[in-house]
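User: I would like to go through this structure step by step, with the reasoning spelled out for a beginner.

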Amino acid sequence: MAEFMVIGVIGAGQMGSGIAQLAAVAGADVRLLDKDAEALLTAKRSISDSVQRFVSKGQLSKERGTDAVARVKYTSNLEDLQSADIVIEAIVESEDVKKKLFAELDKIVKVSAILASNTSSISITRLASATKRPHQVIGMHFMNPPPIMKLVEIIRGAQTSDETYNKTKTLAERFGKTVVCSKDYSGFIVNRILMPMINEAFYTLYTGVATKEDIDAGMKLGTNQPMGPLQLADFIGLDPKKGKPKEKPVKESKPKEKESKPVEKESKDEKKTE
Ligand SMILES: NC(=O)c1ccc[n+]([C@@H]2O[C@H](COP(=O)([O-])OP(=O)(O)OC[C@H]3O[C@@H](n4cnc5c(N)ncnc54)[C@H](O)[C@@H]3O)[C@@H](O)[C@H]2O)c1
């Protein structure tokens, strides 16, 4: 961890707390920042519980677990990130809010520090434009939950330097992750492909093509995925803070019959799904 002794993580929610845990287990001193004190308390509990589970399963020694938990410092003060070698941002998915934060961070952190974003979909080039160090801004997209999922997508903005890319890749590998690299296009690799699939699974259910069980079993066994798209959507979940309907719930309506007809005969041209 020579390159990154101190790692700042901003946003102590689902993703930020998991990223902070990974960094601490990898031996870095972590500053986990959230504007909400309650989020910090919840993160502290969740990191401690999660590390404990790794220890109980024999995947982490007791000493390393205790050391990791002690390495995370919790704060709401941006100035506490001054010593960070890299800051990984995992706050709300809003371009305006993230840009404002990047502009503030740019003034506070060391000249050499890298600013990474865990955004799922916002342009890294546009986030970088809020700073005076666009060559040191990069996307570091962890999967949920970060301590478990093996992948990190790294996204290079238009001006991200090779040095920034190489250091960030090395860090992700030290976290035990496999890295894939995406250009800065909406959804990057994983969500660009996954979201249309999940959307189509909803539509397949909505139009009455098949039951939810058959849709999931079809995709699981037919395309060799560990779980079907509807089950995966349940895992991803809806944002509980955004999910409250403001108006009356819409009455359930019958699926439109015209939308989709069952295939009666397979046309000669149709390929079989492997
Ligand atoms: N949840 C996922 O499955 C997932 C997966 C990959 C990437 N992401 C991305 O990670 C980011 C965080 O997602 P999450 O699910 O952890 O969200 P979350 O709602 O669980 O946590 C966000 C945290 O950020 C804090 N926050 C918001 N604005 C802040 C600010 N200006 N300064 C400091 N703290 C602030 C909130 O108080 C909250 O605790 C988003 O960009 C999201 O798109 C999420």
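User: Leaving aside its neighbours within four places in sequence, which residues is Ser50 in contact with?

Analyst: The model is a predicted one, and in it Ser50 is found in helix 2, which covers residues 37-56. Once the neighbours within four places in sequence are set aside, the contacts of Ser50 are Gln21 and Pro147.

User: Is Ser50 buried or exposed?

Analyst: A residue is called buried if 20 or more other C-beta atoms lie within 10 Å of its own. Ser50 has 21 other C-beta atoms within 10 Å, and therefore Ser50 is buried.

User: Which class of exposure does Ser120 have?

Analyst: Ser120 lies in the loop between strand 5 (114-117) and helix 5 (124-128), and the UniProt annotation "binding site", from an unreviewed entry, covers Ser120 together with Ser50 and Lys57. Not counting residues up to four places away in sequence, Ser120 touches Glu93, His141 and Asn191. A residue is buried from 20 C-beta neighbours and exposed at 12 or fewer. Because Ser120 has 19 such neighbours inside 10 Å, Ser120 counts as partly exposed.

User: Which helix gives the most residues to the shell around the ligand?

Analyst: Helix 1 (14-25), helix 4 (95-108) and strand 6 (137-142) each supply at least two residues of this shell. With three residues, the element that gives the most is helix 1.

User: How many residues of the shell around the ligand are charged?

Analyst: There are 25 residues around the ligand, and Gly11, Gly13, Met15, Ala39 and Asn144 come nearest. By class, the shell has twelve nonpolar and nine polar residues, and the number of charged residues is four.

Technical notes: Residues numbered from 1 in each chain as written. Predicted model: local features only at pLDDT ≥ 70, side-chain atom pairs only at ≥ 80, totals over all residues. UniProt positions renumbered as here; feature names shortened; annotations may be inferred. Helix = DSSP H or I, 4+ residues; strand = E, 2+ residues; numbered from the N terminus. Contact = placed C-beta atoms within 7 Å. Near = placed C-beta within 6 Å. Nonpolar A, V, L, I, M, F, W, Y, C, P; charged D, E, K, R; others polar.
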